[in-house]
Amino acid sequence: MSDYISHDHEHDGIDRRGFLQCMAWAGTGLLWTISGGVLVSKTLAQVAKAGTPLPATDLSFLQISDSHIGFSKEANKDVTETFKIALDRINAMPTPPSFLIHTGDITQLSKPEEFDTFDEVLKSCRTKDVFYVPGEHDVLTDGGKFYRERYLKSVEAKGSGWYSFNKNGVHFIGLVNVVNLQAGGLGQLGDDQLEWLEADVKGLGTSTPIVVFAHIPLWAVYPEWGWGTSDSERALGYLKRFGSVTVLNGHIHQVLQKVEGNVTFHTAMSTAFPQPAPGTAPSPGPLNVPADKLRGMLGLTSVRYLQGKSSLAVVDSNLS
Amino acid sequence: MYTLIRNQTALIILAISLSFLTNFALGQAEKGASADVAKTNQIVIKDFHFTPQTVTVKAGEKITWINRDEEPHTVVSVEKQFKKSAALDTDQEFTITAGAPGTYTYFCSVHPKMTGTIIVEKS
């Protein structure tokens with residue numbers, strides 16, 4: 001079975017077979033390579049066979065998401081343990097990632113003791129650099145003041161917590177779309193943040209690879225469940241001219257992928273509990289699965305940037 | 001140190017007001033049972049919906065939300081016309097007393113797709 005795109009009738013970078021394979025492999029480990037807007041997938045097994053060690057100049061980082069420390073319902077009674085297992089996986093990687101990105105919902109209820117537990121467990125991770133963006137569960141009590149003090153001070157975040165930084169020629173942008181939400185609406189970035197974004201990328205050359213990370217998806221995954229961001233189109237408008245844009249989100253506790261022009265959207269699994277596929281349940285609440293299936297639906301996402309190739313490879317792996 | 005003392009004071013005040021509220025609520029319930037005056041209107045939060053989505057109450061009546069989801073929700077007045085709830089975890093409740101007649105819209109600030117309406121009529 002091959003994993004390249006053989007038919008691309010919609011010119012959207014994915015054919016029917018590719019889509020079905022994507023669905024089959026999502027959650028079991030899949031490598032996506034983005035090259036000039038074309039999407040190619042390989043299974044983790046194939047990647048392992050290829051076995052090329054990462055050259056020192058290349059960059060690899062890891063996305064973890066939706067730890068929900070403090071959650072103890074049926075869907076996972078020990079989310080601290082599964083978070084630990086995710087960190088063990090990171091520690092076992094042959095090439096340790098340069099840094100981690102946590103795309104929100106560290107906690108279930110924004111309690112200081114939940115944040116403390118997270119920080120304590122995170123100490124076991126060999127990779128020490130972590131970049132954060134908040135989820136709605138992290139800003140329940142004080143609009144995110146506590147979160148910003150603890151996780152965004154070192155990056156000199158602006159406004160409700162947005163910031164950018166450069167690593168190995170890649171421009172990273174952390175956005176906040178979980179505060180000041182409007183009745184009836186979706187996730188929201190807001191004017192101040194959008195104006196900042198426009199100015200932030202203004203001076204960058206179009207060949208600069210861009211990685212955007214935010215909690216709620218920056219594409220309309222399923223607006224009926226609030227899985228989208230009302231003003232994301234405007235943000236993406238500022239990024240249109242770039243040759244490679246990778247958008248990493250959490251929030252929906254499952255791997256979903258979309259390619260639009262040079263932009264690849266990717267959502268990560270949670271380390272805590274799965275959520276139903278869009279529209280397959282009465283609500284997006286935690287999905288109860290048999291105990292032996294749970295770890296197969298939790299996981300993390302590894303991203304690799306090959307210098308000079310302007311391509312990013314996104315690999316999901318589960319905790320089973 | 002100042003913060004600590006202030007927090008302790010706040011806790012004591014909170015404890016006193018809570019016990020007062022409990023007594024008050026109990027008193028209301030007993031009175032209600034005999035004289036049928038303190039009607040409580042319940043709104044259940046389940047599957048990311050407020051049910052019923054629209055409730056009509058008389059001024060002075062109580063309205064209680066109870067969260068039956070495994071996800072925290074809030075109750076926030078769109079026009080900031082009544083105090084907002086804390087994040088309600090599973091089975092936690094939030095109660096307000098209906099004030100001046102009018103139409104009040106509210107939503108969950110965590111999941112803003114969730115909205116509801118309270119219509120308050122003259123008692």
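**View 1. Surroundings of the buried side of helix H7 of chain A in the predicted model.** The buried residues of H7(A) are covered by elements that include H6, E8, strand E9 (245-249) and strand E11 (263-267) of chain A; the model shown is a predicted one. In H7(A), the buried positions are Ser232(A), Ala235(A), Leu236(A) and Leu239(A), and because these fall within an arc of 95 degrees when seen down the helix axis, they line one face of the helix. The face turned away from that buried side carries Glu233(A) and Gly237(A), which are exposed.

**View 2. Packing of helix H6 against helix H7 in chain A.** The axes of H6 (residues 191-202) and H7 (residues 232-239), both of chain A, come within 9 Å and cross at roughly 10 degrees, which means that H6(A) is roughly parallel to H7(A), as the angle is under 35 degrees. H6(A) contributes Leu194(A), Leu197(A), Glu198(A) and Val201(A) to the contact, and H7(A) contributes Arg234(A), Ala235(A), Tyr238(A) and Leu239(A). By class, this contact has six nonpolar and two charged residues, with no polar ones.

**View 3. Strand E8 and the largest nonpolar core.** Of the 89 residues in this core, Leu175(A), Val212(A) and Ala214(A) touch the most other members, and strand E8 (residues 210-214) of chain A provides the largest share, five residues. Leaving aside residues up to four places away in sequence, Val212(A) touches Ile173(A), Leu175(A), Leu218(A), Val245(A) and Val247(A).

**View 4. Interface between chains A and B.** Here 16 residues of chain A are in contact with 17 residues of chain B, and the side belonging to chain A has seven nonpolar, seven polar and two charged residues.

Key:
Residues numbered from 1 in each chain as written. Chains lettered and ligands numbered in written order. Predicted model: local features only at pLDDT ≥ 70, side-chain atom pairs only at ≥ 80, totals over all residues. Contact = placed C-beta atoms within 7 Å. Nonpolar A, V, L, I, M, F, W, Y, C, P; charged D, E, K, R; others polar. Axes fitted to C-alpha atoms, helices over the stretch in contact; angles between N-to-C directions. Helix = DSSP H or I, 4+ residues; strand = E, 2+ residues; numbered from the N terminus. Parallel < 35°, antiparallel > 145°, perpendicular 65-115°, else oblique. Core = buried A, V, L, I, M, F, W, Y, C linked by C-beta atoms within 7 Å. Buried ≥ 20, exposed ≤ 12 C-beta atoms within 10 Å, placed from the backbone. Arc of directions from axis to C-beta.
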